[in-house]
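Biologist: I have the sequence and the model open here. Can we walk through it together, starting with a helix?

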Amino acid sequence: MTFTCPICTDDKPVDESFSGECGHRLCVGCFVDQMEVQIREGNVGETQLCCPMPDCRRPYGAVAIESTLLSQGHRDLASRFVDLRTEAGLNADTTRYRRC
């Protein structure tokens with residue numbers, strides 16, 4: 001079974017795709033490219049790591065992002081994502097987590 005990736009417009013097998021909770025499907029290559037750009041720039045918020053389809057923009061789950069990156073051999077990128085997301089969470093709650 002195949003699908004057409006809306007980003008690169010290539011026909012790909014469904015088992016080489018990523019689908020967020022919204023149901024929109026991207027090829028894994030386009031998904032990883034999208035994540036790599038955002039993560040390398042430090043953009044790991046829910047509004048930045050989301051479905052690229054117009055009128056959707058539903059956030060991708062952190063577990064789905066990390067597991068897809070790991071399954072595609074991008075261990076360093078997955079680690080950077082987790083580190084940045086953790087740091088953002090700690091910085092967001094300054095009443096419980098204060099920097100020394």
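Modeller: Let us start with helix α1, keeping in mind that this is a predicted model. Helix α1 covers residues 28-40, which makes 13 residues, and it reaches 18 Å from its first C-alpha to its last, close to the 18 Å expected at 1.5 Å a residue.

Biologist: Which residues of α1 are buried?

Modeller: The buried residues of α1 are Val28, Cys30, Phe31, Val32, Gln34, Met35, Gln38 and Ile39.

Biologist: And what does Gly42 do just after α1?

Modeller: Gly42, which comes just after α1, takes a positive phi of about 80°.

Biologist: Switching to Ser17, where is it found, and is it buried or exposed?

Modeller: Ser17 is found in strand β3, which runs over residues 17-19. With a relative accessible area of 17%, Ser17 counts as buried, because the cut-off for that label is under 20%.

Biologist: What does the side chain of Ser17 reach, and which side chain does it join in a polar contact?

Modeller: The Ser17 side chain reaches the backbone oxygen of Val14 at 2.5 Å, and a polar contact of 2.7 Å joins it to the side chain of Arg25.

Biologist: Which residues does Ser17 touch, leaving out those up to four places away in sequence?

Modeller: Not counting residues up to four places away in sequence, Ser17 touches Phe3, Arg25, Leu26, Cys27 and Val28. Of these, Val28 is also one of the buried residues of α1.

Biologist: Last topic, confidence: which elements have the lowest and highest mean pLDDT?

Modeller: Helix α3 (residues 75-92) has the lowest mean pLDDT among the elements, at 87, and strand β2 (residues 11-13) has the highest, at 97. The protein averages a pLDDT of 90, and 89% of the residues score at least 70.

Definitions and conventions
Residues numbered from 1 in each chain as written. Heavy atoms only, no water. Helix = DSSP H or I, 4+ residues; strand = E, 2+ residues; numbered from the N terminus. Buried < 20%, exposed > 50% of the residue type's maximum accessible area, 1.4 Å probe, protein only. Polar contact = N/O pair within 3.5 Å; in protein donor to acceptor, adjacent residues only side chain to side chain. Contact = heavy atoms within 4.5 Å. Expected span 1.5 Å × (residues − 1). pLDDT = per-residue confidence, 0-100.
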